[in-house]
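Visitor: Pick one small spot in this chain and show it to me up close. Then work outwards from there, and tell me which cut-offs you are using as you go.

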Amino acid sequence: MTPQAPARRSTAPTVVGVVAVALTLAALAGAATLDAAVPASHRAVTRLDLGWVAAVSGVALAVPGALLLRRFPRHPVAWVLVVTGVHWAYDGLACAWLAYATLQHPARPGAAAAFWIYQRLGAALLLSLPLILLLYPDGRLPRGRWRAASIAGLASTALLPIVLLLAPSGIAQADAGGPLPAPFAGLDLDPASLPLPDGVWRVLLAVAGALVPVSLVVPFAVVVGRYRRSAGDARRRARMRWLLWAALVDVLVMLSTTVLPQGWTSVALTTAVALTGVALAIGIIAPQAVDIDRLLGGTVLYAAMAVSVLLVDACVLGVAGAVLGGRLAERDAAVLALLLVTAVYGPLRQRLWLLVRRLVLGRRDDPYAVVAGLAEQLEHRDSPEEQLVAVARGVAAAFRVPYVAVEVDRPGGESVVATYGTAPDGVQVLPIAYRGETVGRLLLPSKRASLSARDQRLLGDMVRQAAIAARTAYLAGELQRGRERIVAAREEERRRLRRDLHDGLGPTLGGVGLRIDAARNLATRKPEEADKLLRQAREDVTTAVADVRRLVHDLRPPALDDVGLLGAVRQQAERLRAPGLTVTVDGDDLDGLPAAVEVAAYRIVSEALTNVAKHSRATSARVLLSRAAGDLVVEIADDGAGIPAGTPSGVGLVSLRERAAELGGDCRIECPDGGGTLVRARLPLGLEVAHG
């Protein structure tokens, strides 16, 4: 379940968050005041940390917890952060009061309670880590067998705080590795201890302490499982990566405490706690507000840089000490280490940066390299299919996914598909848009693809440009094929005309000539037979004229030249009108149309009206011819039965689209909700030809 902001928020959780922050700030102020009054010598005797440092950790958790409560009042992680923050802050206040109260003897009131809160109840803070791991990011424990394991793990973690609350202070202190500090002598430190044998308490403490790290195995396994399952959801994957970044920061801080001075350890741990709280809040509220991939890469990079500097420094000091036998001062060794780092590591810094980012993000971290590499591949590919294969291969390499499929829609309704890799069980589909129109789709594996908003923008730009290149190559091929079809159609038409003239009109006219000669020879001797031959010759001429008219009409309807496009359409509508069908034809400003546009419009109207008369059972139809933005728009609407859904396009409907497409236009056939059918063709006018 992804947290959603409720439509109506209760103000109570917000008030709770504000009160929690106020309480932690009050604890911080109190702890800082008390710590300032405790001498360093007394603090060394009591072996107590600075209380205000722990209070700062409490504030650092309460603030993001309060922000989460304001946005998601019922989210368990928010409550865990708030409660842990308040507990941690007052744990620090108890520590500060314990140090301050034991400055005098006998101790000030509340010293024993402060000891019990700090040394015993403070162990309950251990529960916050497994709770957060199990509840992040959706606030639910895992289901199935993992739920029982999670509850068992939480119980194992809670065992140590419970044992420490009930165990005698002497045994607990001995188990901690040291005697009870002298200033604490005389305090009542066992208000809730149980009278069990010392051996039993030692076993319980040993078992409880050993179970704490073991109990974290299940929460870590749950986090890994959730991370793997988040591959198909970019937002959820970003949430899990914020948790990963927080864990990385915590690990780096823990490693840094091994080399930092003792006084800086608490500061480092407080910083880690604060960053963890902030990361959890951002991960739940707005995980994609910051590019977490870049943040992860930068964290790994600078951690590697710090480790490299420390290693070089250690090596230089060690070698210098061994070679010079102590003659080289520590300050000089540090200067030598700095020079060595500058000379050796400086030139390698950029390469290390690129290497780390390449490992974390893949090639997509360098958009220019990705686009340049794709452009180079497209340049050496000729066919659209080869170009899309190059795109799929480039996307797979740049985004480190095992499967990519690219689909680009063709103008005719078909698609060009290119794949790389083996198709997985599930895929996610990303649309490829150009000028507000979807021109294709990109398919990525749903279980492996992790794309931030920045990744998706880069991917969209990359594939869109490639899709445009592929479509351009396809249109160029279609243009060449169109030229070939035009030449072929022209030659076929010439052959048909030659055949019709040679086999039809030619013999007919030749026969007419022979009959006329024969009639001339018989005119004086046998006028009746001559007249019969002339009548036959006249019939042959009539047939020849009909053939000529048929040939001319096939080339271009004569009515277009006689009465214009509007008149020709009206004549055709009258010829095609069926009984009970009324056809009206309207149009304006149809002068100066190109000849090809006139013929196409006439043929489209004729085919559409034929379909209306034969199939629609309509009582009325309307034809409208008009100019619009450099196009001739042809509309044929009727009130008939329409076209049933799923009906395949017949030859007539296909020819309508083809005639429009031949001129670079389009033809849409729709069935409005009110009934009937609407045919709307758009024919680009191009260079208009004015009639003189």
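Guide: Proline 137 sits in the loop between α6 and α7, where helices (H or I, at least four residues) and strands (E, at least two) are DSSP runs numbered from the N terminus. A cis peptide bond links tyrosine 136 to this proline, with omega at about 0°. Before going on: this is a predicted model, so local features need pLDDT of at least 70 and side-chain atom pairs count only at pLDDT 80 or more, while totals for chains, interfaces and linings use all residues. Residues are numbered from 1 along each chain as its sequence is written, and side-chain values use heavy atoms, with hydrogens and water left out.

Now step back to the helix before that loop. Helix α6 covers residues 128-135 and is mostly covered, with six of its eight residues buried; buried means under 20% relative accessible area, exposed means over 50%, and partly exposed is in between (1.4 Å probe, protein chains only). The buried ones are Ser128, Pro130, Ile132, Leu133, Leu134 and Leu135. For the chain as a whole, buried residues make up 40% of the 692 residues.

On the other side of the loop comes α7, residues 145-166, whose axis comes within 8 Å of the axis of α9, residues 198-214, the two crossing at roughly 145°. Axes here are lines fitted to C-alpha atoms, for helices over the stretch in contact, and angles run from 0 to 180 degrees between N-to-C directions. The crossing of α7 and α9 is left-handed, a label used if the near helix is turned anticlockwise from the far one by less than a right angle, with right-handed kept for clockwise. From α7, Ser156, Leu159, Leu160, Val163, Leu164 and Leu166 meet Trp201, Leu204, Leu205, Ala208, Gly209, Leu211 and Val212 of α9; contact means heavy atoms within 4.5 Å. Sorted by class, that contact has eleven nonpolar residues, two polar and no charged ones. The classes put Ala, Val, Leu, Ile, Met, Phe, Trp, Tyr, Cys and Pro under nonpolar, Asp, Glu, Lys and Arg under charged, and the others, Gly among them, under polar.

Further along the chain, valine 217 belongs to helix α10, residues 217-229. Its C-alpha is 9.5 Å from that of serine 150, although the two are 67 residues apart along the chain. Valine 217 counts as exposed, at 54% relative accessibility.

Back upstream, there is another cis bond to look at: the one from histidine 105 to proline 106, with omega near 0°. Proline 106 lies in the loop between α4 and α5. Those two helices, residues 76-101 and 111-120, have axes that come within 8 Å and cross at roughly 140°. So α4 is oblique to α5: under 35 degrees would be roughly parallel, over 145 roughly antiparallel, 65 to 115 roughly perpendicular, and the rest is oblique. This crossing of α4 and α5 is left-handed. On the α4 side, the contact uses Tyr90, Asp91, Ala94, Cys95, Trp97, Leu98 and Ala101, and on the α5 side Ala111, Ala114, Phe115, Ile117 and Tyr118. That gives eleven nonpolar residues, no polar ones and one charged.

One more backbone detail is worth a look. Arginine 47, in the loop between α2 (40-46) and α3 (51-71), has a positive phi, near 55°. Most residues other than glycine have a negative phi, and most peptide bonds are trans.

Helix α3 also holds serine 57, which is buried at a relative accessible area of 2%. Skipping neighbours within four places in sequence, serine 57 is in contact with Trp88, Thr270 and Val273. For the wider picture, take contacts in the chain between residues at least 6 apart in sequence: 70% of them join residues at least 24 apart.

To finish far down the chain, aspartate 639 is in the loop between β7 (631-638) and α21 (651-662). At 38% relative accessible area, aspartate 639 is partly exposed. Not counting residues up to four places away, this aspartate touches Ala618, Thr619, Ser620 and Gly676. As for the cysteines, cysteine 667 is buried at 8%, while cysteine 671 is partly exposed at 36%. A disulfide is taken as a pair of cysteine sulfur atoms within 2.5 Å, and the count by that rule is zero.
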